[in-house]
Amino acid sequence: MAHAISRRQFLKLSAGGMSAVAAAEVAGLGFDVAPSQAATPKKQVKQGKEVPSVCPYCAVGCGQIVTVADGKIIDIQGNADSPLNEGTLCPKGAATFQLAVNPHRWTKVKYRAPNATEWTDMSLDEAMDRIAQKFKETRDANFIEKTKIGEEEKTVNHVLAIASLGGATIDDEWNYIHQKLMRATGVVSIENQARI
Ligand code: SF4
């Protein structure tokens, strides 16, 4: 009698290729894989060190397996052991490899000066210093300590000239620290695309 096979078992077996161990597992589930093994041409399976990871795209946090060889990422697929996605990935998550390994990816900060028509490269240190400097200048120039509400003057200690918008690739810990920093400096307009 054939055993029921879970989606996780199926994906694990599929992802691992039909090794001797996998074939034995499939056989244990009630399938005879010998004919299909004989008919299947040998295909090259990407082999390397498998590193468990998490999809960087959204707050669902699907598990991934990143395969690395010679210090380079050669494959990214769903992690069948993750209880969240059980080996599956949505189309966006399935394309994560192209996010990490892509000749079109910008690897330098681009800066366009006021009124300039061309973008120039800027070092990350320089860009971070500039952002920090502009943030401080804007905060200091727009910090409101007290405001009148009706007839009453209230302490607000806030800045309405700066807003913070986070992206879905920012993880929980980063979001936590980020909103702490924003609130500590008086920024009250804080939002994240993933709404966490
Ligand atoms: S983008 Fe897709 S694969 Fe990635 S965590 Fe979100 S739902 Fe999962």
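D75 counts as partly exposed, because 17 C-beta neighbours lie inside 10 Å, short of the 20 that a buried residue needs. This residue sits in strand β3, which covers residues 72–78. Bear in mind as you look at it that the model is predicted. The protein has 196 residues, of which 10% count as buried, and its fold comprises seven helices and eight strands.

**Around D75**
- Setting aside neighbours within four places in sequence, D75 is in contact with K46, T67 and F97.
- Q98 is 23 residues from D75 along the chain, and the C-alpha atoms of the two are separated by 9.6 Å.

**How far to trust the model**
- The mean pLDDT of the protein is 85, with 77% of the residues reaching 70 or more.
- Among the elements, helix α2 (residues 20–28) has the lowest mean pLDDT, at 56.
- At the other end, helix α6 (residues 124–142) has the highest mean pLDDT, at 97.
- Where pLDDT is low, predicted coordinates should not be read in detail.

**Contacts across the chain**
- Of the contacts in the protein with a separation of 6 or more, 41% come from residues 24 or more positions apart.

**The ligand and its surroundings**
- Which residues are around the ligand? They are C55, Y57, C58, V60, G61, C62, N85, L89, C90, K92 and G93.
- By character, this shell around the ligand divides into seven nonpolar residues, three polar ones and one charged one.

**Strands β1 and β2**
- Strand β1 (residues 49–54) is hardly covered, and the count of buried residues among its six is zero.
- β1 runs antiparallel to strand β2 (residues 63–69), and six bridges join the two.
- If you want a landmark in this pairing, V51 has V66 in β2 as its bridge partner.

**Strands β6, β7 and β8**
- Strand β6 (residues 143–149) and strand β7 (residues 152–166) run antiparallel and are joined by six bridges.
- One bridge to look for links K148 with its partner E153 in β7.
- The hairpin of β6 and β7 has two residues between the strands, and G150 in this hairpin takes a positive phi near 65 degrees.
- β7 also pairs with strand β8 (residues 187–192), in the parallel sense and over five bridges.
- S164 has I190 in β8 as its bridge partner.
- In a regular strand, side chains alternate between the two faces of the sheet.

**A closer look at I144**
- I144 is found in strand β6.
- Is I144 buried, exposed or partly exposed? I144 counts as partly exposed because 13 C-beta neighbours lie inside 10 Å, just above the 12 or fewer that would make a residue exposed.
- Beyond its neighbours within four places in sequence, I144 is in contact with V156 and H158.
- H158 is 14 residues from I144 in sequence, yet the two are 5.4 Å apart in space, C-alpha to C-alpha.

**Helices α6 and α7**
- The 19 residues of α6 should span 27 Å at 1.5 Å a residue, and the end C-alpha atoms are indeed 27 Å apart.
- α6 is hardly covered, with a count of zero buried residues among its 19.
- Helix α7 (residues 172–185) has 14 residues, so it should span 20 Å at 1.5 Å a residue; this agrees with the 20 Å between its end C-alpha atoms.
- α7 is hardly covered too, as the count of buried residues among its 14 is zero.
- G186 comes just after α7 and takes a positive phi of about 100 degrees.
- An α-helix has 3.6 residues a turn, so residues three or four places apart point the same way.

**Positive phi away from glycine**
- E86 is a residue other than glycine with a positive phi, near 50 degrees.
- You will find E86 in the loop between β3 and α4 (91–94).
- E86 is partly exposed because 19 other C-beta atoms lie within 10 Å, where 20 or more would make a residue buried.
- N115 is not a glycine either, and its phi is positive at about 70 degrees.
- The loop that holds N115 lies between β4 (109–111) and β5 (120–122).
- Why does N115 count as exposed? N115 has 5 C-beta neighbours inside 10 Å, and 12 or fewer is the cut-off for an exposed residue.

Technical notes
Residues are numbered from 1 along each chain as its sequence is written. This is a predicted model: local features need pLDDT of at least 70, side-chain atom pairs count only at pLDDT 80 or more; totals for chains, interfaces and linings use all residues. Helices (H or I, at least four residues) and strands (E, at least two) are DSSP runs, numbered from the N terminus. Two residues are in contact if their C-beta atoms, placed from the backbone, lie within 7 Å. A residue is near a molecule or strand if its C-beta atom, placed from the backbone, lies within 6 Å of it. Ala, Val, Leu, Ile, Met, Phe, Trp, Tyr, Cys and Pro count as nonpolar, Asp, Glu, Lys and Arg as charged, and the others, Gly among them, as polar. The expected span of a helix is 1.5 Å times one less than its number of residues. pLDDT is the predictor's confidence in each residue, from 0 to 100. Two strands pair if DSSP finds at least two bridges between them.
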